[in-house]
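Here's a quick tour of the model you have open. Keep the viewer handy and follow along.

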Amino acid sequence: MYTIKEVADKMDVSEHTLRFWAKSGFFPFVKRDENNIRQFSENDLDWVKIVKCLRSVGTENKAIKRYIDLCIKGDSTIPERYKIIQDTKNKALAQMRNLQKQLELLNYKENFYQDLIKNKQKDSWNPMNKTKAKS
């Protein structure tokens with residue numbers, strides 16, 4: 001069993017976030033000890049993993065709660081859960097494509113600046129240099 005602090009460290013999520021998720025009903029089977037401290041089992045860590053994954057892609061809390069409720073209902077909800085996972089995956093792929101475009105631009109600018117530094121040139125793309133040239 002793990003405390004919320006241990007889970008936070010292990011799963012790279014803040015304690016505050018875990019408490020919020022717990023209050024949102026994302027961890028339906030987390031037990032509390034005699035001091036009312038949450039105790040996460042290995043199985044509960046699987047819930048944390050999927051919630052973290054869904055949130056990292058931007059899935060709304062309401063949709064995550066729906067997914068969890070469907071899991072609790074059982075295997076009759078597999079097709080609906082599958083659709084949620086497919087939609088989430090497609091959203092993640094779109095985010096990856098956007099990040100790839102941003103990375104390509106950053107790589108270009110990195111090479112551009114390396115060349116400027118190497119050749120001791122001014123940045124002709126910097127609008128401030130263009131403004132100074134007009135003055």
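## A bridge within helix 4

Lysine 65 and aspartate 69 join their side chains in a salt bridge, at 2.7 Å from N to O. For a salt bridge, a side-chain nitrogen of Lys or Arg has to be within 4 Å of a carboxyl oxygen of Asp or Glu. The two residues are 4 residues apart in helix 4, so about one helical turn separates them. Helices here are DSSP runs (H or I, at least four residues), strands are E runs of at least two, and both are numbered from the N terminus.

Lysine 65 is partly exposed at 28% relative accessible area, and aspartate 69 is partly exposed too, at 27%. The cut-offs are these: buried is under 20% relative accessible area, exposed is over 50%, and partly exposed is in between (1.4 Å probe, protein chains only).

## What you're looking at

This is a predicted model, in which local features need pLDDT of at least 70 and side-chain atom pairs count only at pLDDT 80 or more, while totals for chains, interfaces and linings use all residues. Residues are numbered from 1 along each chain as its sequence is written, and side-chain values use heavy atoms, with hydrogens and water left out.

## Two faces of helix 4

Helix 4 covers residues 61–73. Its 13 residues should span 18 Å at 1.5 Å a residue, and the C-alpha atoms at its ends are indeed 18 Å apart. The expected span is 1.5 Å times one less than the number of residues.

Which residues of helix 4 are buried? They are Ile64, Tyr67, Ile68 and Leu70. These sit on the same side of helix 4, because they cover an arc of only 160 degrees around the axis; the arc is taken from the directions from the helix axis to the C-beta atoms. The buried residues of helix 4 pack against helix 3 (42–56) and helix 5 (78–119), with contact meaning heavy atoms within 4.5 Å. Over on the other side of helix 4, Lys62 and Lys73 are exposed. Just after helix 4 comes glycine 74, with a positive phi near 110 degrees.

## More salt bridges

How many salt bridges does the structure hold? There are 6. Side chains of opposite charge can pair when their charged atoms come close.

Helix 4 has a link to helix 5 as well: glutamate 80 forms a salt bridge with arginine 66, and their closest N and O atoms are 2.8 Å apart. Glutamate 80 lies in helix 5 and arginine 66 in helix 4, so this pair ties together parts that are 14 residues apart in sequence. Glutamate 80 is partly exposed at 36% relative accessibility, and arginine 66 is partly exposed at 36%.

Over in helix 1 (residues 4–11), aspartate 9 and lysine 5 are 4 residues apart, about one helical turn. Their side chains meet in a salt bridge at 3.5 Å, N to O. Aspartate 9 is exposed, with 56% relative accessible area, whereas lysine 5 is partly exposed at 45%.

## Aromatic pairs

Searching the whole structure turns up 5 aromatic pairs. Rings of Phe, Tyr and Trp (its six-membered ring) pair if their centres lie within 6.5 Å; planes under 30 degrees apart are stacked, over 60 edge-to-face, and the rest tilted. One of the pairs is phenylalanine 29 with tryptophan 47, a tilted one with 6.0 Å centre to centre and 50 degrees between the planes. This pair links distant parts of the chain, 18 residues apart: phenylalanine 29 is in the loop between helix 2 (15–23) and strand 1 (31–32), and tryptophan 47 is in helix 3. Phenylalanine 29 is partly exposed at 41%, but tryptophan 47 is buried at 12%.

Tyrosine 108 and phenylalanine 112 make a stacked pair, 6.4 Å centre to centre with 20 degrees between the planes. Both lie in helix 5, 4 residues apart, or about one turn of the helix. Tyrosine 108 is partly exposed at 41%, while phenylalanine 112 is buried at 15%. There's also one aromatic cluster formed by Trp21, Phe27 and Phe40.

## Cysteines

A search for disulfides (cysteine sulfur atoms within 2.5 Å of each other) finds 0 in the whole structure. Why is cysteine 53 without a bond? Its closest cysteine sulfur, in cysteine 71, is 13 Å away, which is too far. Cysteine 53 is partly exposed at 37% relative accessibility, and cysteine 71 is partly exposed at 21%.
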